[in-house]
Amino acid sequence: MKRRKFLQNAAILAGGIALSQSISYGANKKQKPVIVIHGGTSGLGLSKEEFSKRESVMLQSLKAGQEILAKGGEAMDAVIAAIKVMEDSPIFNAGKGAVFTSDGYNELDAALMHGGSRKAGAIAMSRHIKNPIEAARLVMEKTWHTLVAGEGADNLAKKYGLEMVEQKYYFTQERWDQLQEAKKNKQLLLDSDKAKAFLEKPFLGEYTEPYLGTVGAVALDSKGNLVAGTSTGGLTNKMTGRIGDSPIIGAGTYADNDSLGLSCTGTGDIFMRVVSGHEASALYKYKKLSLQKAIEGTIEQVAKLGGSGGIVSIDKLGNTGFAWTKDKLGMFHGEARVGENAKVFFPVSKA
């Protein structure tokens, strides 16, 4: 009798385990791998032609990542493929189209983080790496470090055979003209009340309509791994040697399989002070906020400190979220799930 009861209990227990495994597997099976990207923020006065140019490149970017995920590939490869497409385009402030420092240099930053291993790699102040996002992976996989800057980053990339370029590769007339305009405006406004407003709030002031073209991507693959990456040239007329939030793990780039992955764009100096990546993860994980509420709450903190910009994100369940400071700004962003059409959005103010 006791033996029969034991066997019945064992069968019930085994069935329960099998059922829970079946439910777990079924839930994972329903999660379609997905990738989201951003191409920075911009003033809302953008023409349809200007948007179309960015939309075309962003669709290529999404499809590059989507194809990898569709074949069962890893999120890491999908994120890098997507970001490289935008780094190679002069339209965005990353790679080819990077903005200039106050001294006339192009200094690039990039970061990657894997949500499963929690490993990360980043480079900053690179002047000669064609695709900085590839160098970020080198830091992660080939060194004991997390962030390598300046000449060290360039030397590492060269050592492992990444494509290197001269400074002239990054040059675009539009970015050069933006630098001259930024310098001119600062000089013209020095003795006026407008200058004071500009210097106190240089990114959201009524006298500027920024275009911050940092690029980023987040992907969730079929194994449930989240990976986030970001690449940028920083801010026009920035001090030579300045580093923003993009290569700072936990600020502009973050991924954790237990919560979410995200990439930020905007006024990096303020995103760093909010520690945006970890803040959003904590709101999601510990306050139990939805993904959308978590990133909206993070962006609100950025805005309160006078910053602007946006966040793209995916949580561990495959939900996607997009948030940005709405005052005079929109964010270029897109999404592509495996088996679905890639989509790019640029919201226009309804005010």
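This passage describes the overall make-up of a predicted model, two of its loop residues and one charged surface patch. Because the model is predicted, local features were accepted only at pLDDT of at least 70 and side-chain atom pairs only at pLDDT 80 or more, while totals for chains, interfaces and linings use all residues. Residues are numbered from 1 along each chain as its sequence is written, and side-chain values rest on heavy atoms, with hydrogens and water left out.

The protein chain contains 10 helices and 13 strands, taken as DSSP runs (helices H or I, at least four residues; strands E, at least two) and numbered from the N terminus. Of its 351 residues, 51% are buried, where buried denotes under 20% relative accessible area, exposed over 50%, and partly exposed the range in between (1.4 Å probe, protein chains only). The accessible surface of the chain amounts to about 16700 Å², with carbon and sulfur atoms contributing 53%; areas were obtained by the Shrake-Rupley method with a 1.4 Å probe, and for residues only the protein chains shown count as cover. Among contacts (heavy atoms within 4.5 Å) with a separation of 6 or more, 70% join residues 24 or more positions apart.

Two loop residues were examined. P33 is located in the loop between α1 (2–30) and β1 (34–43) and counts as buried because its relative accessible area is 11%. Beyond its neighbours within four places in sequence, P33 contacts L69, L220, D221, S222, A336, R337 and V338. The C-alpha atom of P33 lies 8.2 Å from that of Q66, a residue 33 positions away along the chain.

S259 occupies the loop between β8 (253–255) and β9 (260–266) and is buried, since its relative accessible area is 0%. With neighbours within four places in sequence set aside, the contacts of S259 are L226, S281, Y284, K285, D315 and K316. For S259 and S281, 22 residues apart in sequence, the C-alpha to C-alpha distance is 5.9 Å.

On the surface, E49, E50, E174, D177 and E181 form a negative patch. The elements giving two or more residues to this patch are α2 (48–70) and α6 (173–188), and α6 gives the most, with 3 residues. Patch members have over 30% relative accessible area and no salt bridge, like charges being joined within 9 Å; a salt bridge requires a side-chain nitrogen of Lys or Arg within 4 Å of a carboxyl oxygen of Asp or Glu. Asp and Glu count as negative, with the charge placed at CG of Asp or CD of Glu. E181 belongs to helix α6 and is classed as partly exposed because its relative accessibility is 39%.

Definitions and conventions. Patches are made of residues with over 30% relative accessible area and no salt bridge: like charges are joined within 9 Å, nonpolar side chains (Val, Leu, Ile, Met, Phe, Trp, Tyr) within 5 Å.
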